[in-house]
Amino acid sequence: MKFYSRKWIKPENLNPHGSLFGGQLLGWIDEEAVIFAMCQLGGSRHLVTKFMSEINFVSSAHQGDIIEMGVEVTACGRTSVTLRAEVRNKITLQTIISIDRIVFVNLDAEGRPTPHDYAWPGPEDEGLAADGG
């Protein structure tokens, strides 16, 4: 898995107990994953989040921490693409959260699932586009 984006945990990202608010983190992951999926599929796509599997909060992040988000393609359907995501502390490399399956569906202008024509080669190259995703 490659880690593409980093976030600096600031006071506005914290919950009342002083750790990273889970809802904030899930929003960042959803955004990171859909951008990654769009880069893989190429062109202008209308991808929507269809499904997120069990979310495993392993540890927390606190103010001043730097976190990094990683995603990889794990499966590809005719109209969908499935990713796995992990967020970890940039310094300690300790996992903060992992999500085994995030499914995005490609929609047409009327909001119906439509083929994306992406041929996922498999996990050996993580399905990366020629430009590195």
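Reader: In what order do the elements of the protein chain run from the N terminus on?

Author: One reads such an order by walking along the chain and noting each helix or strand in turn. In this predicted model, the order is β-α-β-β-β-β-β. The protein chain thus contains one helix and six strands. Its radius of gyration is 15 Å, close to the 14 Å that the globule rule gives for 133 residues, so the chain is as compact as a globular protein of that length.

Reader: What box do the C-alpha atoms fill along the principal axes?

Author: The C-alpha atoms of the protein chain fill a box of roughly 45 × 35 × 25 Å.

Reader: How should burial and surface be read for the chain, and what percentage of the residues count as buried?

Author: A residue counts as buried when its relative accessible area is under 20%. By that criterion, 38% of the 133 residues are buried. The accessible surface of the chain amounts to about 7200 Å², and carbon and sulfur atoms contribute 51% of that area.

Reader: What share of the contacts with a separation of 6 or more comes from residues 24 or more positions apart?

Author: Here one considers how far apart along the sequence the contacting residues lie. In this chain, residues 24 or more positions apart make up 67% of the contacts with a separation of 6 or more.

Reader: How many positive and negative side chains are there, and how far apart are the centres of the two sets?

Author: One counts each kind of charge, then compares where the two sets are centred. The chain carries 12 positive and 17 negative side chains, with the two centres 1 Å apart.

Reader: May we turn to a single residue? Where is Arg84 found, and which residues does it touch?

Author: For a single residue, one looks at its element, its exposure and its neighbours. Arg84 belongs to strand E5, residues 80–89. Its relative accessible area is 23%, and Arg84 is therefore partly exposed. Leaving aside residues up to four places away in sequence, Arg84 touches Met1, Gly70, Val71, Glu72, Thr74, Ile99 and Asp100. With Glu72, the side chain of Arg84 also forms a polar contact of 2.8 Å. Between Arg84 and Val73, 11 residues apart in sequence, the C-alpha distance is 6.5 Å.

Reader: Which element holds Gly23, and how far is Gly23 from Val71 in space?

Author: Gly23 lies in helix H1, which covers residues 22–41. Its relative accessibility is 37%, so Gly23 counts as partly exposed. Gly23 and Val71 are separated by 48 residues in sequence and by 18 Å in space, C-alpha to C-alpha.

Notes:
Residues are numbered from 1 along each chain as its sequence is written. This is a predicted model: local features need pLDDT of at least 70, side-chain atom pairs count only at pLDDT 80 or more; totals for chains, interfaces and linings use all residues. Side-chain values use heavy atoms; hydrogens and water are left out. Helices (H or I, at least four residues) and strands (E, at least two) are DSSP runs, numbered from the N terminus. The radius of gyration is taken over C-alpha atoms; the globule rule is 2.2 Å times the number of residues to the power 0.38. Buried means under 20% relative accessible area, exposed over 50%, partly exposed in between (1.4 Å probe, protein chains only). Contact means heavy atoms within 4.5 Å. Accessible areas come from the Shrake-Rupley method with a 1.4 Å probe; for residues, only the protein chains shown count as cover. Lys and Arg count as positive and Asp and Glu as negative; His and the chain ends are not counted. The place of a charge is taken as NZ of Lys, CZ of Arg, CG of Asp or CD of Glu. A polar contact is a pair of N or O atoms within 3.5 Å; within protein, one must be able to donate a hydrogen and the other to accept it, and residues adjacent in sequence count only if both atoms are side-chain atoms.
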